[in-house]
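Trainee: Got a minute to walk through this one with me? I'd like to go over the fold and then the pockets.

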Amino acid sequence: MPDEPRTRPWLAPALLADEVVPQVLEAHEPSSLVWSTLWPHRPDDRILLETGAAPGGDTRLRFTHLSPHPLPTEATVGHLRTRVNQLLFADLRFSYGN
């Protein structure tokens, strides 16, 4: 789980004031994981993380933001997308020294 001691030390310090540590809702090793929402004001949202092979022997990571509600404003979508990108493709990546 993301909030267990010594796991994901990159995550909690990177969260903004309106964000919370997500819970793992589903895990299908090694290909997918579903997180609960990062945003308490969007309690029904989920973040699907999927991995797969990429050219050159690398691993591809893709996230999909899922919600049972109508699409929010373009500005909100942009903010949510930017935050997940920052957390996964900057904060997490840089925690490995890359």
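**Fold and pockets**

Mentor: Sure. In the protein chain, residues 24 or more positions apart account for 26% of the contacts with a separation of 6 or more, a contact meaning heavy atoms within 4.5 Å. Bear in mind that this is a predicted model, where local features need pLDDT of at least 70, side-chain atom pairs count only at pLDDT 80 or more, and totals for chains, interfaces and linings use all residues. Residues are numbered from 1 along each chain as its sequence is written, and side-chain values use heavy atoms, with hydrogens and water left out.

Trainee: What pattern does the protein chain follow along the sequence?

Mentor: The pattern is β-β-β-β-α, with helices (H or I, at least four residues) and strands (E, at least two) taken as DSSP runs numbered from the N terminus.

Trainee: And in what order do the strands form the sheet?

Mentor: The order is β1-β2-β3-β4, in an open sheet with antiparallel pairing. Two strands pair if DSSP finds at least two bridges between them.

Trainee: Which strands stand at the edges?

Mentor: β1 (24-28) and β4 (59-66) do; each has a single partner strand, so one side of each is left without a neighbour in the sheet.

Trainee: How many bridges join β3 to β4?

Mentor: Eight, with β3 covering residues 46-53 and running antiparallel to β4. Arg-46 stands opposite Leu-66 in β4.

Trainee: OK, pockets. How much space lies in the largest pocket?

Mentor: About 540 Å³. On a 1 Å grid over the protein atoms alone, a pocket is an open set of points where a 1.4 Å probe fits, with protein on both sides within 12 Å along at least five of seven lines; lining residues have an atom within 4 Å of a point. The volume is the space filled by probe spheres set on the points, which are joined across faces, edges and corners.

Trainee: Which residues lie nearest its centre?

Mentor: Leu-49, Thr-51, Leu-61, Leu-88 and Leu-92, out of 19 lining the largest pocket. α1 gives the most to that lining, with four residues.

Trainee: What about the second largest pocket, what volume does it have?

Mentor: About 220 Å³. Of the 13 residues lining the second largest pocket, His-65, Leu-66, Leu-71, Val-77 and Leu-80 are the closest to its centre.

Trainee: Which element gives the largest share of that lining?

Mentor: β4, with four residues. Leu-66, opposite Arg-46 in the sheet, is also among the closest to that pocket's centre.
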